[in-house]
Each structure stands twice: as C-alpha cells, then as structure tokens.
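Here are some short exercises to help you find your way around a new structure. Try each one before you read its solution.

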Amino acid sequence: MATDLRISNISKIYPGCIANDNVSLQFKSGKIYALLGENGAGKSTLVKILSGVVSPDNGEVFLNEKNLKLSSPLDAKKNKIGMVFQHFNLFETLSVFENLSIDATEDNESLRVRVNEILKKYNFSIDLDVPVLNLSAGQKQKVEIIRCLLRSPKVLIMDEPTSVLTEQETEELFISLKKFCDEGILIIYITHKLKEVLSLCDEVAVMRKGKVVSVSQTQNERVETLANKMVGQKLAKIKKKINISKNKDEIFKVKHLNFYSDDPFETNLVNLNFSLKKGECLGIAGISGNGQNELFQILSGEIITPNTSIIFRNKEIAKLNPKQRREYLMAFSPEDRISQAAVPELKIYENVALNNFKSSNFFEKGLVNEKKIKEHSKKILSDFSVNTDNVELKSQFLSGGNLQKLILGRELITAPELLICYNPTWGLDVGAINYIHETLIKINNQEKSTILISTDTEELLKLSDRIAVIYKGKLSKIMPSEEVTPEKLGVLMGGGSID
Amino acid sequence: MIKIEKRNDVPMALYFFTPFIAIILTILGGGIIFYILGFNPIEALKFYFITPISNLYGFSELLLKATPLCLIAIGLSFCFKSNNWNIGAEGQLTFGAIVGGGVALIFYNQEGFYILPLVILAGAIGGMIFALIPAILKTYFNTNEILVSLMLVYVSKLLLDYLVVGPWSNPEGFNFPETRQFSDSSRMPLLFEGLRIHAGIFLALAAVMLSWFILYKTYLGFQIKVSGLSLKTAKYAGFKGKTMILVVFMISGACAGLAGVGEITGPIGQLHRMISPDYGFTAIIVAFLGRLNPFGIIFASLVVALTYLGAETAQIFLQIPKYTGQVFQGMILFFLLASDYLLFFKVKILSLKKNDLRH
C-alpha cells in the first residue's frame, strides 16, 4: 500500500530562535527523500516533531490523510514511523537480541524467528548473542534498523546515518535503504553531506534558517547548486593546495609511540612512528574511537607516555606538559571545543587566557593582567572574524563556528610552528568550515606545519599533503595525498589493507 | 507530564539571591516545627533569632561564633571551587589546635609578646599538615579525598582525647580531661572589657580579603576557577594539577588550623575534649550558603552562627534541646540545594489538554 506523509504549516519557536517557520512538505513512498541543511537549519527540530519528541506550536502531520497526534515517541511508533538517530540508543553490555527484545510485544521465540527472517532478507550478518559493545558502528546501526523493521514501518527516518560509517558500510547502508524503498517504505534521509544526497536520494528538500527554501529532483542538481542553496550564497571554492613541502627540513618526529590503558573505553596505541616537514600538513584519517583521542592527548602532552620520543625543532619534548610544549611553539585545537578547548561558563577573555604562553604576560608575577588579556582577545576577535567584539561575553553564547574561530585564533596568535588539530570543523556550518579550511591552508603557506586528525575524509583530502589512517590504535603507512582516494581511505579505515 | 530542563542562562543576581530565599524558608520551616512541638511559633522564633542578639553581649557572642565558621569556610572555598571535596575541616581544626596548644603548653609558665604569634603559626601549620594527608593520598595514590579527609577527623579527635587524658593532662587538674591553662601571653587579646570577642576576628577578616585577592586577581585563582569548571580544560591548558590540589588543601587546612587555635587561645584558654561544636562540618554549609564568595561567606557565617546562639537561648527559655540548632543548619542546606535545583533547572508541566484540543 502506498504511503503518503504530509507536513502542513509546521512552526516551532524556541526562545530567540525560529526553528521551523511554516514548513510544509509532502513525501510519497517509493522514493528516497533527502532533507538537507546546515547545522541549525531546522532539520533536527522537524525530525523531532515527526518522531513525537517535540510538539509543534502550529501545524499538522498527515499520514495517508489521517491527522496524526504525535505527543510522544510512542505515538510515532504506533503510527509506524521509525527513526534511526545519529547516536545509537542501545545498551552496550546487553546482547543484540536482548536489546531488540526490550520493547518487543511478542515472546522471545517468535521474535527470534522474525529477526532471523529480517537478517536473511536483507543479508545482514550480525551475531544476535554478542554484546552490543563488540559491534562496529555499522553493525550497531543495523541493530537500530532491525528494531524499526520489526514494527513494519511505513516511514523510516535516518538522521545523519553515515557520520560514523566507513565508505564500505555506507555503501551497504545505501543498498539496504534502496531495498526498503522498493518494498514501499517511505525513507527520509537527513544529512548535510551533498554527495550522499546526489548518489542516494530521488528528491531533495533544502532547509535554511527554519524554512524550506527549495524542493527539487536530485537529477537536476549538482554539488555546487545544492551547496549554494544550503548556504544561501555563492561559495568561493577552496583550491586544493599545492604540495609545497618537498625538500624542506623535518620539524617534528615521533618514534615508538605506545600507549596502554586499563580503561576498556580507551584505545591502546601500538608503535606509531611518523615525521613532519616544515609547511606540511599530515592528515590522520580514521573512524572515531580508533585511538585519535589518545593520540591527540599524547601529542599535546596531556598524557605522558614512557619510552616515547617526540622531537620538535631538534628538542626532545616527550616529557613536557601542554603549557611547556606551547613555549616551544606548538598549538593544540582539541575535538571537544565546548568542554575542553574552552569553558562555556567563562568569558571570552578568560578563555583566551587559557593559552598562557610566556611572552603573553597575561599573568605577571602571578597576578592577572586583565587589560593585556582583553587587548589580546579583542585582536583575536577581529583578526579571526568572530562575530562579536565583546570580550566579556560568556563563550557559551558563541555559535559553534564562532567558538572554533576563537579557539583557533587563540592558538594561532602565538604564530606556532606546529598546530595539531582534531576534527576542527566537526558540526560546523559550511561558511565556518570554509573559513577554517582557508586558515589551515594559510598557515601551511606560511611554512608552518599542521597535523590534522579528522574523521572527515573530504576535509583530509582537501587539506593534507600526506595521509595516514589510524585503525585500532595502529597507523597505516603514510601516503602522499595525490595517491589517496576516498575508496582507499575507506578500505583502510575499515581495517582492510591495500597494496 | 512533568519535564525537567536545564536553564541556559541563570542571572547572577538571582544566583546570589537564592540564599536569602533559603533562609526565609528555613525560618518558616522552623516555625512549623515549633508549632508541631506545641510552642507559639512566633515567640519561639523570637527566642531563636532575635533574643540572642538583642544586646551587646549577644552580638559579640555572634561574632565570636562566626569567626571560626568564616575562617574555615574561606579555606574550604578554595577546595570546593577547584573540585576538591575536603570535608575534614573539623579534623584539621582539631589537629591545628593540638599543635598550637602544644606550643602554648611549652610556654605555660612564661610571658612574652612572641608567644602568641608562635602559637598561631603552629596552629596554621598543624592544620596544613593534616590537610596534606588527603591531598597527597589523592594526588599520588588516587584515593578519594572525601573519605580520607572525613575519616581523619576521628583520628585527630581521638588523638586529642588521648593527649588531654594522658601525657598533656594538667598535673594539678584532679584527673579532669584537660590541660593546664595557657599563660596570658598565649591568649588572644580581648577587644572589649567584659565581652569574649577577641582579636581572632581580624584573622578571619584578613583571610576574607586575602582570599578575594587570590581567587580573583592571581594566576592561582584563575587555575582554581578553570579546574573547578572543567578538569579536562585545566589538563589541556597544562595547569599543574597535582600542585594545585596540594596548594588548595594547604590553604584550607591552614584556615581550619587557625580557627582551631583561635578557639583555644580565645574563649577556651586550654585544651580539652570539646574544643569545637562541629564548626568544621557546619562551615561546609557556610561555604555553600555564601556561594563560595569571600564576602558572601561573611554574611553566611553570621547567619549560621545565629543558629548556634538561638539553639542555646531556646534551650534555656523553652527547654528545647540545643540540637535543634543542627536541625536549622540542616534545613538551610536543604532549602539552599532545593532552590538551587529550581534555579538551574526548570520544571515544565506539560498539559495534555492543549494537544487534545487540536483534534
């Protein structure tokens, strides 16, 4: 039976922000629909409304012309709307089957029969009796999908499903989604990745600032046209940078980096060795959770490992803490910008003072030199085009993009010889991503080096001179980026090998 | 359906106003308790909160009790602000009193202007050393400072017990569990004839000023603030975490030690078993009621000191046990935590009716 989902004049207003402004959309089964937009465009709010997590201030949802009352996630389930969120809702220590049986309405035997039917039908290979924590991200996602399929959904909503997947897993997911679609399930695919929209979806709705700005057939669109609609302005395309680092001096060298942890949530690192030249960008790719956190903390000096040698500008720095490493002109931009790189409750100038390098004189003789810190902060705000000039503002009021600009500005204002950044554009909108990419290219052009640890393949290919992949704490061989393709990276990120 | 959401921005003014709400609620709660116990609540509350400070002597007693509370709470604010949960101030107070008292006993039959400063210094160092035990165990052996500092309270109290009945007991004291009287040179100068208020109050005021300066104007204060808000950030910024833990515990212990030595050289004048009516524990309430802010702590120490006095007055006039003082202290903390919860989170009652109307 054909399914027809209609959203009519939905509005949702949060204090100080219109999340959905009179949104009307129509979806019909047999097609895969993309909902595209930057962070904060209103996609998530719309999805939350469809899944019953949030009630709209105005407007209605119709499924096959029946007006739906969605006041809780249970209502969405009853009306056969299934949802796979970006962050999985699974109990890690329970087995796959136990997770599936938690909200099942039937007895275990018949449930197992049905689950096995689904596994067979869609060619999923998952052991039902292993704990979820042993599964890869792709397999966990499959468990979530099975959970939806068990309820024979009419509508399946996927929220940014590929952010944790390898290229191969993404391909598998797309194949499954197309199968579901052929079977008459209406699929709504939420993303900000343009290429996925083009390769998977039939129709695309673009949202910007809470409004639907365009609905079109994907065959009539290209990456550039969609990007422009998403951002609302013509994007200056960043040139892939020219490799400038041949025959330059070596500036940074890591030998025998090993890390062993008792904590099962940390990844052990096994004998990493690499080096970096002046003006070079070394990209480290990998799916999150393969040791990037630990690597970043060891490179920044938050974790000191024995028997590791880290040579920076001909000095051994392996035993120095982050503050001491900064004095040698290293800078760090961690992944967690909200609770590690900055403190949301602190004012902008106080966050700037966190990078207290010696020549800054922020703290003379142990006393706070507020005037100096504020002057310095003002300079950062204007040099790095953060959209405020009020250094007294608490940093929690900055958007992700502006906060990242502030952090990068704070780290770069010392003119460091080496910047180590981890997912610098994670969760940012296209405008901010562009700005940060331009900045990173600029510092390479000024003969400064960068180590870019990132889970974003596109970003790595755009910025790196050489790329290595980290998988389960081991580093692949380092390849010149001209020789690397997204497919190759995908194989390595998934634990495969290439010749 | 009830839903609880975090508030994004809590106005600073309201943040400093909620302690007053907590105090008002405590007084109302106290009135209800008195009513249930069969007293006229208005009259009982008057005995509790007004009678004790209606004359000069009462007022000086208020300052006398507020002095140790304020000193200890100032010290604790350094620990609490940096996420170190020192709850053993009572033990640090006791140990400070033991060390300071020991020095005073050495000079029991001597006079000299240098004796009191030595005694005070010894008290501060004693508290500091005792606070270093949980700090060192935390930094180098990863123990939990809450448990260690709390358990050490009993260690120091038992040590004091042993000393006053054993080696340090007064040879002319008919086996009472107490030491000799300190010499006059070991006693805090009294501020007014006939009142017990002594120069220790200046120590407390100096601690307030100094702590304000350290917390808001120095690099140490900045590190304490950042560590308190996010340990991850402190690590990333390269602050010397271990040193900072040791320093805040030392400051805290020194303040508690000073409070202890202030008691024995002030109103008490010797060592015996009961040198503190749990000032070290009550100061935890004072620190939070004062919002860990040096000037807030002055105010809070006066309020909480009043519960001590009120309990004594109520015992005399109404024959209510003086432990009601602890009931009031408990209520203050309870209402403060409750109003903080409502300050930081909002409770939304979602009516299902509104949704129904739409259909």
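## Exercise 1: Two helices crossing

In this predicted model, α12(B) passes α13(B) in a right-handed crossing. Work out how the directions of helix α12 (residues 294-318) of chain B and helix α13 (residues 324-344) of chain B relate, and which residues meet.

Solution. Start with the geometry. Two packed helices are described by the angle between their axes and the distance between the axes. Here the angle is about 150° and the axes are 8 Å apart. Angles over 145 degrees count as roughly antiparallel, so α12(B) is roughly antiparallel to α13(B).

Next, look at the residues. From α12(B) come Val304(B), Thr307(B), Tyr308(B), Gly310(B), Ala311(B) and Ala314(B), and they meet Thr324(B), Gly325(B), Phe328(B), Gln329(B) and Ile332(B) of α13(B). Sorted by class, this contact of α12(B) with α13(B) has six nonpolar, five polar and no charged residues.

## Exercise 2: Another pair of helices

Describe how helix α3 (residues 56-81) of chain B packs with helix α7 (residues 200-217) of chain B.

Solution. Begin with the angle, which is about 30°, and the axes, which lie 9 Å apart. Angles under 35 degrees count as roughly parallel, and α3(B) and α7(B) are therefore roughly parallel to each other. The crossing of α3(B) past α7(B) is left-handed.

Now find the contact itself. Residues of α3(B), including Leu63(B), Cys70(B) and Ile74(B), meet residues of α7(B), among them Ile201(B), Leu203(B) and Val208(B). The contact of α3(B) with α7(B) has nine nonpolar, four polar and no charged residues.

## Exercise 3: A strand and its neighbours

Is strand β8 (residues 186-191) of chain A enclosed or open, and which way do its residues point?

Solution. First count the buried residues: six of the six residues of β8(A) are buried, so the strand is largely enclosed by the rest of the structure. Then check directions. In a regular strand the side chains alternate between the two faces of the sheet. Leu186(A), Ile188(A) and Ile190(A) point one way, while Ile187(A), Tyr189(A) and Thr191(A) point the other way.

Finally, look for pairing partners. Strand β3 (residues 32-37) of chain A runs parallel to β8(A) and is joined to it by five bridges; Leu35(A) stands opposite Ile190(A). Strand β7 (residues 155-159) of chain A also pairs with β8(A) in the parallel sense, over five bridges, and Val155(A) has Leu186(A) as its bridge partner.

## Exercise 4: An open sheet

Which strands lie at the edges of the sheet β12-β11-β14-β15 of chain A?

Solution. Four strands form this open sheet, and the pairing is antiparallel. The edges are β12 (269-277) and β15 (315-316) of chain A, each of which pairs on one side only. For a closer look, take strand β14 (residues 309-312) of chain A, joined to β15(A) by two bridges, with Phe312(A) partnered by Lys315(A).

## Exercise 5: Unusual backbone angles

Where are Lys472(A) and Asn83(B), and are they buried or partly exposed?

Solution. Most residues other than glycine have a negative phi, and most peptide bonds are trans. Lys472(A), however, has a positive phi of about 50°, and Asn83(B) one of about 65°.

Lys472(A) is in the loop between β21 (466-471) and β22 (474-475) of chain A. It has 13 C-beta neighbours inside 10 Å, so Lys472(A) counts as partly exposed. Asn83(B) is in the loop between α3 and α4 (89-106) of chain B, and with 15 other C-beta atoms within 10 Å, Asn83(B) is partly exposed.

Note on methods: Residues are numbered from 1 along each chain as its sequence is written. Chains are lettered from A and ligands numbered from 1 in the order in which they are written. This is a predicted model: local features need pLDDT of at least 70, side-chain atom pairs count only at pLDDT 80 or more; totals for chains, interfaces and linings use all residues. Axes are lines fitted to C-alpha atoms, for helices over the stretch in contact, and angles run from 0 to 180 degrees between N-to-C directions. Angles under 35 degrees count as roughly parallel, over 145 as roughly antiparallel, 65 to 115 as roughly perpendicular and the rest as oblique. A crossing is left-handed if the near helix is turned anticlockwise from the far one by less than a right angle, and right-handed if clockwise. Two residues are in contact if their C-beta atoms, placed from the backbone, lie within 7 Å. Ala, Val, Leu, Ile, Met, Phe, Trp, Tyr, Cys and Pro count as nonpolar, Asp, Glu, Lys and Arg as charged, and the others, Gly among them, as polar. A residue is buried if 20 or more other C-beta atoms lie within 10 Å of its own, exposed if 12 or fewer, and partly exposed in between; C-beta atoms are placed from the backbone. Two strands pair if DSSP finds at least two bridges between them.
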